Amino acid sequence: MKSQATMICYLMLFLVTEYSCYASKIHIKDGDKLQRPEGKPKTGRIQEKCHGPCITSSNCSQLCAQHFRGEIGFVCNQNKWQKSTETCTSLSVETLFEDSNSASRLSVAAPSIPLRILDFRAPEPIKSVAQGIRRNCPLDYACITDVVKSSEATAGNIAFIVELLRNISTDLSDNVTREKMKSYSKVANHVLDTAAISNWAFIPYKNASSDLLQSVNFFARQLHIHNESENIVDELFIQTKGFHINHNTTQKSFNFSMSMSNSTESILGIIEIPKEELWNLPPNTSQAISIAFPTLGAILKEAHSHNVSLPRPVNGLVLSVILPERLKQILLTFEKINKSRNARAQCVGWHSRKRKWDESVCKKTLDVRNKVKCRCNYTNVVMSFSILMSPKSIDNKVLDYITCIGLSISILSLILCLIIEATVWSRVVVTEISYMRHVCIVNIAVSLLIANVWFIIASNFNKKPQDYNWCVAVTFLSHFFYLSLFFWMLFKALLIMYGILVIFRRMIKSRLMVIGFAIGYGCPLIISVTTVAITMPRKGYVRPDACWLNWDNSKALLAFVIPALVIVAVNLVVVLVVAFNTQRPSIGSSKSQDVAIIMRISKNVAILTPLLGLTWGFGIATLIEGTSLIFHIIFALLNAFQGFFILLFGTIMDHKIRDALRMRMSSLKGRSRVAENASLSPTNGSKLMNR
């Protein structure tokens, strides 16, 4: 009997020691205390270096640090290794329930020690999360929250937790109570913490964020509300509210006030169910549930889309709503995170199947500096809403009116310019220099006219999503013809230099024409095609919010800005050279006609070049974030009236063209008088009588 008691004591000591060591192995890592830490998720203690030579675009991988499974991927960028992916995880189905298994082994052994010890067997292994929860914490899921909250927020652990939440919402959503929703939200809150946001970028599976949103929404749909109105979840980074509604309910609203980080500053969000929508409900009671996420917008990645080359920043809370199917519309109010006056807002809904923001489901009803109001359509696939920000775009009716009126005047001016040139052509092209000067004017007018037409087409593309390839085509043609405008201006400057410096030997007209078209259209074509070839593989040719050259991602806009500004600088230098040379007596009287033509060209270039340079100088200024509205208005005015400037300074102010036009009009009047006199002469009258 004594030996049996001794044996029992030894076995009890063995079990207690085994459990203590086992618990120590789980909880104590690198000097941590036995108690699990609460609060912010830890993000350190993983391998952050890649050894070996760094060659641009090369890749390598390293195993994760101790206690983690998986690896870290690196890519070489600018001779430095940069982390690209990470799968380091310390979580698994086994680690989630290890504490529960050990505790159950002790509790099972306690009631009847002799029998149980003699026939001790490990419990059946847990094969799935659903099985583990049903066995250990079927009422509130609390058995997994401590393990998850104590885990480090590595990309691998985040991916594991997202999959964990997806499995729970799929397999354990048959009877969701308030307690289950709280535990579920605590797990989600861990990966939505601001300390974890940066690691979402390294998850290889790019749809993890949209899976998280869809899982939370699906799980909340199964929630049963018992009280009239209740705050169900109140975590830092996820809140859930719900209440009962029916057709007699007055207008209901969800009000959220959440911090974007652990700071005291809060962002507001309101969801309202209009009274007219509630009238569609049946007499029996239904329920409405809403969830607010302050940080989800920063990690929610859209699926690859051809017409979206850049992430579109979310500028407010992400608000999800679960309503009865008969309710089709809701009203939302978002406080802006970025309250800059230039931050244009776009109301959007998250399409769960397309995994992207859908602009067609929402209409903006108010947009002021600090808040935006939206009216959105609610469906089973669009349950989450927010506002997107485009800080470099100004939505202002003044700019729209200026652009519309200015472009109309510009197009009419260019057409009138071409008509005048056709009318006086034979009278003004007396030498090869004057001939090429008017060839330049015609091609400048044609280039700007076509560019304006494509600009109008591009503006229509900007108002609604269009096919990416069409947007690229429109941008390419706009880019090409705007560049042609500047290169024909460059050829005019070169023509001036040719007229001044080359006195004794002149090129024939056909050779000048070849050079002119090579510069005016050949150079822009090379630049445009090269830009497309370089930027298209990375979808960086066009902007995400407009059919125009990209700036943020690929800097494709430099392919227009640099040539334009260089040409402006060259033309200004040429004007200075002309001003200097015309003071010298070296140009003889035999060339006085060419000198007069050169002076007229120089005046034309001297006026138009600063105008064109100033226009696109203001255009560059509008790309700077926070630029004043006045810069956008000045750019819109100068850009829209370029055609009028060309008509005024390139055609009307040239006295030779005015003289030729007067002579042409006089000859037309003379012919009409001769014809009138002939019809009234007696001879003609007698002929008519004889008939």
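The paragraphs below walk through a predicted model, moving from its aromatic rings to one helix and then to two individual residues.

A search of the whole structure finds 16 aromatic pairs. One of them joins Phe243 and Phe254, whose rings are stacked, with 4.4 Å from centre to centre and an angle of 10° between the planes. This pair links distant parts of the chain, since Phe243 belongs to strand 5 (residues 239–245) and Phe254 to strand 6 (residues 252–259), and the two residues are 11 residues apart. Phe243 has a relative accessible area of 5% and is buried, and Phe254, at 1% relative accessibility, counts as buried as well; both assignments follow because buried means under 20% relative accessible area.

Elsewhere in the chain, Phe480, Phe481, Trp488, Phe491, Phe517 and Tyr521 come together as one aromatic cluster. Rings also serve as partners for charged groups: the charged end of Lys241 sits over the ring of Phe256, 5.0 Å from its centre, while that of Lys509 sits over the ring of Tyr435, at 4.4 Å from the ring centre.

Turning to helix 5, which spans residues 129–136, one finds that Val129, Ala130, Gly132 and Ile133 are buried. Viewed down the axis of helix 5, the buried residues fall within an arc of 165°, and they therefore line one face of the helix. Such a pattern can be understood from helix geometry, because an α-helix has 3.6 residues a turn and residues three or four places apart consequently point the same way. As for what this face meets, the buried residues of helix 5 pack against helix 2 (93–96), helix 6 (142–150) and helix 7 (155–171).

A closer look at a single polar residue leads to Ser215, which lies in helix 9 (residues 208–221). Ser215 counts as buried, because its relative accessibility is 5% and the cut-off for that class is under 20%. A polar atom of the Ser215 side chain lies 2.8 Å from the backbone oxygen of Asp211. If neighbours within four places in sequence are left aside, Ser215 is in contact with Leu165, Arg166, Ser169 and Tyr184.

The last stop is His67, which is found in the loop between strand 1 (59–63) and strand 2 (71–77). At 44% relative accessibility, His67 counts as partly exposed. Although His67 and Leu91 are 24 residues apart in sequence, their C-alpha atoms are 9.8 Å apart in space.

Note on methods: Residues are numbered from 1 along each chain as its sequence is written. This is a predicted model: local features need pLDDT of at least 70, side-chain atom pairs count only at pLDDT 80 or more; totals for chains, interfaces and linings use all residues. Side-chain values use heavy atoms; hydrogens and water are left out. Rings of Phe, Tyr and Trp (its six-membered ring) pair if their centres lie within 6.5 Å; planes under 30 degrees apart count as stacked, over 60 as edge-to-face and the rest as tilted. Helices (H or I, at least four residues) and strands (E, at least two) are DSSP runs, numbered from the N terminus. Buried means under 20% relative accessible area, exposed over 50%, partly exposed in between (1.4 Å probe, protein chains only). A charge sits over a ring if NZ of Lys or CZ of Arg is within 6 Å of the ring centre and within 35 degrees of the ring normal. The arc is that of the directions from the helix axis to the C-beta atoms. Contact means heavy atoms within 4.5 Å. A polar contact is a pair of N or O atoms within 3.5 Å; within protein, one must be able to donate a hydrogen and the other to accept it, and residues adjacent in sequence count only if both atoms are side-chain atoms.
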